[in-house]
Every structure is written in C-alpha cells, then in structure tokens.
Amino acid sequence: MKACLRGALAEMQVPAGEPETEEPLGLNHLPTELLEVVLSHVPPHVLLGRCRRVCRYRRALVDCQALWLNILARDHAALWPVLRTCLPPADNPRPCVLGRFCERRPIGRNLLQNPKGLGPGRWWCHKKKQVLDLEKEGFWRELLDSGKMEICVSDWWAGRQGTDNIYHLIIQLLDANQSILDHFSSVPMPIRQWRNNVSFEVNHVFSNFKKGVRFVSCEHWVQDVEFLSEHYGVCLS
C-alpha cells in the first residue's frame, strides 16, 4: 500500500524541465498610482455607479481625490488652471465631490430640469419657479466661493397671437439657508397683440457675487397669456 502511494505521488510531480503556470494578475494587484490611471479612463458615471460598489479597495480609490484630479486635468484642460486653485480638502472623509462635477459637467450647460416650461396653459397669470441646488449639480463650496465664477441668465420667450402679455423675470442667488445674497429683476415688459409673433430675450450676468451662494432661484411669470413657444434657462460658466 505504501509503495503504490509513493508511486502515484511520483507520477503527479511536475517534470523538472517545465515551468510552473503563473496566475494572471488582476487589477487590484497593480500599484495604486497605475490603477488610478487605468480607472481614469472609465466614464465617471460607471466609476460612481459600479466600480465604487465592487469592494472596499475600489470604493476607497473612487472616493479619493487623486483619481478625479487625473480626470479633471485631462478632460477639463481649459478649466484646470482655475479648478486647481480652489479644490476641496483632500482629507474629506465623504465621497469625493469632484466625482459629481466630472459626472454632471455643469459648466456651460442649462441647469434647469424643465427648460420647456411644461404646465397648464390657460391661466390669467402663468408663473414658473425652480430652485437649483448648485452643490447637487456638481459644484463644490470652494469653487462657488472662489470669486472666479459667473452665473449667466438667458431667458427666451414669446407670447401667443391675439393676446396682450406682460412678462417678468426674477433671479435670486441664495445661501445655504436660502437667504437672498443677490438678485436680478427684469422690468415688466408689455407685449401687444401685434407683436406676439416676435421672440424676446432677457440676459443678465452675476459676477463677483458674495461668498456663500448655494442655490439659484429662477422665477418668471406672464400675465394673461397661453404659451405656444417658451424656452428659458440658466447657464453657469
């Protein structure tokens, strides 16, 4: 019995001339700096929605500022000279806020969720209001308070043929408690029936605004009107 067992073990030994098979290395075996470079080429929404859930190690990488600094420097090269001067604290224990910025890309786009102004039409006074949370849109406090941003308001609208319209736009910059820090109010504009087929635009730029802005309140109303064409929005640049 012992002789047979020794013989079987001898047959199972790997011949001396053949190399042993090595297991392929996984991503987690890469040095941290190299893995961050690899992950920086993954779309931000995949990093936040999937990669972060794989394991604690991947979550720590996605929550770390270093990964997002690689993405910002490459994908936001025009903004990088400004962004690098007002970064959030690197030791923040929460998920990195830079990830939300890279995912939502809020600079230069319309931040209103309902730019067409859908809603009831036959009102004596058609009123629309929306409050934007700038931090949820991807901005962080150090950037908002840096004095290097402008909030640009552009509102297009047109009345209906055969009605008299009075249009008014009110924009307010609010702090964390939604107290007013700055505001813009357009002069109420009467539009007569014979000019109802003309589109109108109102523009305003907030620059050098006070520190502490966290929300933007956008409100407009039109008196005695049924909207056929409406488009309004707030862009930050």
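This report walks through model confidence, two helix packings around α5, and one strand pairing.

## How far to trust the model

What you're looking at is a predicted model. The chain averages a pLDDT of 78, and 70% of the residues score at least 70. Residues 1–12 fall below 50, and beyond near neighbours in sequence that stretch has zero contacts in the model.

Then there's the stretch of residues 117–124. Here pLDDT also stays under 50, but the model does have 16 contacts beyond four places in sequence for these residues. Where pLDDT is low, the predicted coordinates shouldn't be read in detail.

## α2 against α5

Two numbers do most of the work for a pair of packed helices: the angle between their axes and the distance between the axes. Take helix α2 (residues 32–39) and helix α5 (residues 65–75): their axes come within 9 Å and cross at roughly 45°. That angle makes α2 oblique to α5, because it falls outside the under-35-degree range for roughly parallel and the 65 to 115 range for roughly perpendicular. The crossing of α2 and α5 is right-handed.

On the α2 side, the residues involved are Glu36, Val37 and Leu39, and they meet Ala66, Leu67 and Asn70 of α5. Sorted by class, this contact has four nonpolar residues, one polar and one charged.

## α5 against α7

Helix α5 also packs with helix α7 (residues 97–104), with axes that come within 9 Å and cross at roughly 30°. The two helices are therefore roughly parallel to each other, and their crossing is left-handed.

From α5, the contact uses Gln65, Trp68, Leu69, Ile71 and Leu72. From α7 come Leu98, Gly99, Phe101 and Cys102. By class, the contact of α5 with α7 splits into seven nonpolar and two polar residues, with no charged ones.

## The β3–β4 hairpin

Further along the chain, strand β3 (residues 165–174) pairs with strand β4 (residues 180–185) in the antiparallel sense, over five bridges. If you want a landmark for the register, Ile170 stands opposite Ser185 in β4.

The hairpin of β3 and β4 has five residues between the strands. Have a look at Gln178 in this hairpin: Gln178 takes a positive phi near 60°.

Definitions and conventions:
Residues are numbered from 1 along each chain as its sequence is written. This is a predicted model: local features need pLDDT of at least 70, side-chain atom pairs count only at pLDDT 80 or more; totals for chains, interfaces and linings use all residues. Side-chain values use heavy atoms; hydrogens and water are left out. Axes are lines fitted to C-alpha atoms, for helices over the stretch in contact, and angles run from 0 to 180 degrees between N-to-C directions. Helices (H or I, at least four residues) and strands (E, at least two) are DSSP runs, numbered from the N terminus. Angles under 35 degrees count as roughly parallel, over 145 as roughly antiparallel, 65 to 115 as roughly perpendicular and the rest as oblique. A crossing is left-handed if the near helix is turned anticlockwise from the far one by less than a right angle, and right-handed if clockwise. Contact means heavy atoms within 4.5 Å. Ala, Val, Leu, Ile, Met, Phe, Trp, Tyr, Cys and Pro count as nonpolar, Asp, Glu, Lys and Arg as charged, and the others, Gly among them, as polar. Two strands pair if DSSP finds at least two bridges between them. pLDDT is the predictor's confidence in each residue, from 0 to 100.
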